[in-house]
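Trainee: I would like to take a close look at one small part of this model and then see how the parts around it are arranged. Could you take me through it slowly?

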Amino acid sequence: MVNWESILKEAGEQVQSISDNLKGRQRGLEARGQGAGGDITMKVDADAEKSIMDIVSGQVSDVRFVTEEAGVVGPAGAAWTVIIDPIDGSANYARGLPFYCTSIAVLEGPSLADAKYGLVRNLISEETYFAEKGRGAERDGTPVRTSKAKNLKDSCVGIDMSKAPRATIERLVPLIAAVRKPAHFGANALEQAFLADGKVDAFVDIRDRMRVVDFAAGYLIANEAGSVRADPSGRPVNTKVALEEKFHVVASCNATLQEKILNILNP
């Protein structure tokens with residue numbers, strides 16, 4: 001039997017070491033070509049991703065990788081699919097902004113609903129969020145739950161507006177005005193973990209730019225902690241595991257807050 005918890009936590013620790021060793025050094029930012037996700041791959045991205053793949057491949061034989069940098073590696077019919085964003089928030093990393101993480105999810109099937117294990121490691125605080133489907137979510141071994149916020153006027157909501165068209169931003173203005181604290185930190189996987197941990201009350205990305213590599217691990221962790229999520233129309237989020245797939249996400253700590261956010265987005 002594969003001990004995925006041990007494997008993922010080992011991989012997270014290895015990425016932490018790589019990130020720390022390269023942080024603040026120009027060579028960590030050296031370009032290594034264009035990644036499969038379309039962004040420039042830095043040395044830190046490439047080194048971190050390789051370390052994860054090496055650790056997993058060394059302990060699991062029947063595996064396929066879907067990664068931010070290398071793309072799809074391995075047989076389509078593999079028993080396990082491992083989804084990797086080695087440095088989520090790499091733009092923050094490059095600028096020296098202290099908010100980025102590594103994100104790894106393990107799936108037993110072809111869609112997001114098949115996520116079985118997820119790990120998000122905060123590469124600044126070194127906190128590790130982990131979840132196994134049906135068994136809850138934890139931070140460094142301590143169970144976490146979403147907040148109990150039910151009023152928008154008291155809530156902190158992560159709102160991703162990066163590269164959003166004007167029409168999308170205009171649609172978000174009533175929500176920005178309604179909440180106590182609108183925020184966006186620049187690493188969606190870690191923001192999902194913060195939703196799980198009650199540090200933010202909701203997360204909204206209606207740019208149609210979210211990808212499975214940014215989302216899969218945080219999705220499972222937040223779900224296991226009690227979050228609810230949908231697209232802006234209220235339909236379930238269950239994307240295919242493919243780099244070209246992009247989608248919307250509205251995720252909240254509970255159904256009450258979720259309904260209020262969806263009502264603002266759909267007046």
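Trainee: Is D208 buried, exposed or partly exposed, and what is its relative accessible area?

Mentor: Please keep in mind throughout that this is a predicted model. D208 has a relative accessible area of 38%, and because buried means under 20% and exposed means over 50%, D208 counts as partly exposed. The residue lies in strand 13, which covers residues 202-210, and its backbone deserves a second look, since D208 is not a glycine and yet has a positive phi of about 60 degrees. A similar case can be found at E126, another residue other than glycine, where phi is positive and near 70 degrees. E126, however, is placed in a loop, the one between strand 7 (115-122) and strand 8 (128-132), and with 40% relative accessibility E126 too counts as partly exposed.

From strand 13 we can move along the chain to helix 6, which spans residues 212-224. Helix 5, made of residues 188-196, has an axis that comes within 8 Å of the axis of helix 6, and the two cross at roughly 5 degrees. Because angles under 35 degrees count as roughly parallel, helix 5 is described as roughly parallel to helix 6. On the side of helix 5 the contact is made by N188, A189, Q192, L195 and A196, while helix 6 contributes D214, F215, G218, Y219, I221 and A222.

One of those contact residues, F215, also takes part in a ring pair, so let us turn to the aromatic side chains. A pair of aromatic rings is described by the distance of the centres and the angle of the planes. The structure holds nine aromatic pairs, and in one of them the ring centres of F215 and F247 are 5.4 Å apart with their planes at 70 degrees, so this pair is edge-to-face, the term used for angles over 60 degrees. The pair links distant parts of the chain, as F215 belongs to helix 6 whereas F247 belongs to strand 15 (residues 247-252), 32 residues apart. F215 is buried, with a relative accessible area of 0%, and F247 is buried as well, at 9%.

Elsewhere, ring pairs join W4, W80, Y117 and F130 into a cluster. The ring of F130 has a further partner, for the charged end of K9 sits over it, 5.3 Å from the ring centre. In the same manner, the charged end of K199 sits over the ring of F194, at 4.7 Å from its centre.

For a second example of helix packing, consider helix 4 (residues 166-178) and helix 7 (residues 255-265), whose axes are 8 Å apart and which pack at an angle of about 140 degrees. That angle makes helix 4 oblique to helix 7. In this packing, R171, L172, P174, L175 and A178 of helix 4 meet I261, I264 and L265 of helix 7.

Finally, helix 2 offers a check of helix length that you can follow yourself. Its 15 residues, 43-57, should span 21 Å at 1.5 Å a residue, and the end C-alpha atoms are indeed 21 Å apart, which agrees. The buried residues of helix 2 include V44, A48, S51, I52, I55 and V56, and charged side chains are represented too, among them K43, D45 and E49. When you look along this helix, it helps to remember that an α-helix has 3.6 residues a turn, so residues three or four places apart point the same way.

Terms used: Residues numbered from 1 in each chain as written. Predicted model: local features only at pLDDT ≥ 70, side-chain atom pairs only at ≥ 80, totals over all residues. Heavy atoms only, no water. Phe/Tyr/Trp six-rings, centres within 6.5 Å; stacked < 30°, edge-to-face > 60°. Helix = DSSP H or I, 4+ residues; strand = E, 2+ residues; numbered from the N terminus. Buried < 20%, exposed > 50% of the residue type's maximum accessible area, 1.4 Å probe, protein only. Lys NZ or Arg CZ within 6 Å of the ring centre and 35° of its normal. Expected span 1.5 Å × (residues − 1). Axes fitted to C-alpha atoms, helices over the stretch in contact; angles between N-to-C directions. Parallel < 35°, antiparallel > 145°, perpendicular 65-115°, else oblique. Contact = heavy atoms within 4.5 Å.
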